[in-house]
Amino acid sequence: MCGTDIASAPVNKNSSLPSSNGLPSVNATRTSTPTLHPHSFINLEQGDPTVFESYWKKMGDKCTVVIKGSDLLSYMTDLSNVCWFMLPELRDAIERLHRVVGNAVTDGKYIVVGTGSTQLFQAALFALSSPDNAQPLSVVAAAPYYSEYPEEVDYLRSGLYKWAGDAHVFDKDGGAYIEVVTSPNNPDGSLREPVVKGGKGKLIHDLAYYWPHYTPINHMADYNIMNFTLSKCTGHAGSRIGWAIVKDKEVAKKMTRFIQMSSIGVSRESQRRAAKIMEVICESYENVMHMRSDKFFDHSKAVMTERWDKLKKVVEQSEVFSLENYPKSCCYFTGEITETQPAFAWLKSKNGIDDCESCLRGLKILSRGGIRFGADPKYARLSMLSREDQFNEFLRRLSNVRGISNGH
């Protein structure tokens, strides 16, 4: 275990405090009780994007969608489209959003909507594999990789594909394979390119975090399959909307077929809501009269910047933890030199602490340990997207760590 008992920890002059803007002030003496009970656990294990809730409350009814009882009864939406269950208004909104942000090429591509990016990932695996293959296709990703990939690949026990582990050690001479490239990467926020070179490889690019509040937008992504999700773009995880931008028509057809067979399409209500949310975001950037505080990516980038600045200050003063360093680059969207501010902190324990997840649990902070990501247990992933009171208390507990014990 590491640190001190949080409930009885002495006041630390560098403890995290709520400041005048509601975010913690690291270099202030704690004078008020944290919102959360000191004995309660803080769950930062999952990436539930509740950090954006305050912004959407401020927007009031701008994103309100009215759906009559007679609306959206049919299975069918647009039979002229490859993805026949996608609302045309959602397709238009997705294309508009990517034009505004400049993060992905949609011209000449096919868009497939799914129930979140998880379903789209399964659909892409199905579309890229073939029952004619003598052996299941190997699916790999460079470690540290998203912790759910192994289970998502093997959960259905498909004879079409199988999880083959870390792309860094994969032998491409073993035949055809699929490499998943997550950029910015979950869990460590690094910008990724394919690792396996040559061979008979096919690529799936997971770009869930390639948005300007997480990372500089320094190129327009133009890959064969690019998966995005509303949950990490706008915070609306409960709507379960994701989309894939696909170059090859036959691949798009096979992905659509998978979604048809697994869920007979995607909720039209969710699609309509997602289209409205994207429309509101785009209008704020296309209308020069809008204030910066009303613009979603400006607001969210400011929040993420402040959170990362405060976490770095706490960790810099720690003898127990360290963080990744990210290079700065120009963001074409903002026109500023900035660095990646990931949705997750990839925290590393040091000074003899071999299990970061257990160490944090001793502080009543739930995280996801490095082993789940194919990495060293000295690492743990923590969400940066929690509500403000949880984030404040998280910083307070880290700042109160004043020693270590290796008795675990």
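## Fold, core and selected residues of a predicted model

The protein chain contains 10 helices and 17 strands, and the model that shows them is a predicted one. Of the 408 residues in the protein chain, 52% are buried. Among contacts in the chain between residues at least 6 apart in sequence, 72% join residues that are at least 24 apart.

### The seven-stranded sheet

An open sheet of seven strands runs in the order β4-β10-β9-β8-β7-β5-β6, and its pairing is mixed. The edges are taken by β4 (110-114) and β6 (161-166), each of which has a single partner strand, so one side of each is left without a neighbour in the sheet. On average, and with direction ignored, neighbouring strands of this sheet are turned by 25° against each other. At one end of the order, β4 pairs with strand β10 (residues 242-246) in the antiparallel sense, over five bridges, and Val113 stands opposite Trp243 in β10. Helix α3 (residues 116-128) packs on the sheet, where it touches β4, β5 (137-141), β6, β7 (177-182), β8 (201-206), β9 (225-229) and β10, and the direction of α3 makes about 165° with that of β9.

### Nonpolar cores

In soluble globular proteins, nonpolar side chains tend to be buried together. In this model the largest nonpolar core holds 108 residues, of which Trp243, Met255, Phe297, Leu311, Phe321, Leu360 and Phe394 touch the most other members. Trp243, the residue that stands opposite Val113, therefore belongs both to strand β10 of the sheet and to this core. With its neighbours within four places in sequence left aside, Phe297 is in contact with Leu97, Val101, Trp211, Pro212, His213, Cys233, Ile281, Tyr285 and Phe333. A second, separate core has six residues, among them Val140, Ala142, Tyr177 and Val196.

### Cysteines without a disulfide

The structure holds zero disulfides, and two of its cysteines may serve to illustrate this. The sulfur of Cys330 has its closest cysteine sulfur in Cys331, at 7.0 Å, which is too far for a bond; for Cys356, likewise in no disulfide, the nearest cysteine sulfur is that of Cys359, 6.1 Å away. A disulfide would require the two sulfur atoms to be within 2.5 Å. As for their surroundings, Cys330 counts as partly exposed at 32% relative accessibility, whereas Cys356 is buried, with a relative accessible area of 0%.

### Two serines in loops

Ser267 is found in the loop between α6 (249-263) and α7 (268-286), while Ser367 lies in the loop between β15 (365-366) and β16 (368-369). The relative accessibility of these two serines is listed below, together with that of the two cysteines.

| Residue | Relative accessibility | Class |
|---|---|---|
| Cys330 | 32% | partly exposed |
| Cys356 | 0% | buried |
| Ser267 | 35% | partly exposed |
| Ser367 | 4% | buried |

Although Ser267 and Thr115 are 152 residues apart along the chain, their C-alpha atoms are separated by 8.0 Å. The side chain of Ser267 also makes a polar contact, at 3.3 Å, with the side chain of Glu269. Ser367 counts as buried because its relative accessibility, 4%, falls under the 20% limit. Leaving aside neighbours within four places in sequence, Ser367 is in contact with Glu45, Glu357, Leu360, Ala380, Arg381 and Leu382, and one of these, Leu360, is also listed among the residues that touch the most other members of the largest nonpolar core.

Note on methods: Residues are numbered from 1 along each chain as its sequence is written. This is a predicted model: local features need pLDDT of at least 70, side-chain atom pairs count only at pLDDT 80 or more; totals for chains, interfaces and linings use all residues. Side-chain values use heavy atoms; hydrogens and water are left out. Buried means under 20% relative accessible area, exposed over 50%, partly exposed in between (1.4 Å probe, protein chains only). Two strands pair if DSSP finds at least two bridges between them. Helices (H or I, at least four residues) and strands (E, at least two) are DSSP runs, numbered from the N terminus. Axes are lines fitted to C-alpha atoms, for helices over the stretch in contact, and angles run from 0 to 180 degrees between N-to-C directions. Contact means heavy atoms within 4.5 Å. A nonpolar core is a set of buried Ala, Val, Leu, Ile, Met, Phe, Trp, Tyr and Cys residues joined through side-chain atoms within 4.5 Å. A polar contact is a pair of N or O atoms within 3.5 Å; within protein, one must be able to donate a hydrogen and the other to accept it, and residues adjacent in sequence count only if both atoms are side-chain atoms.
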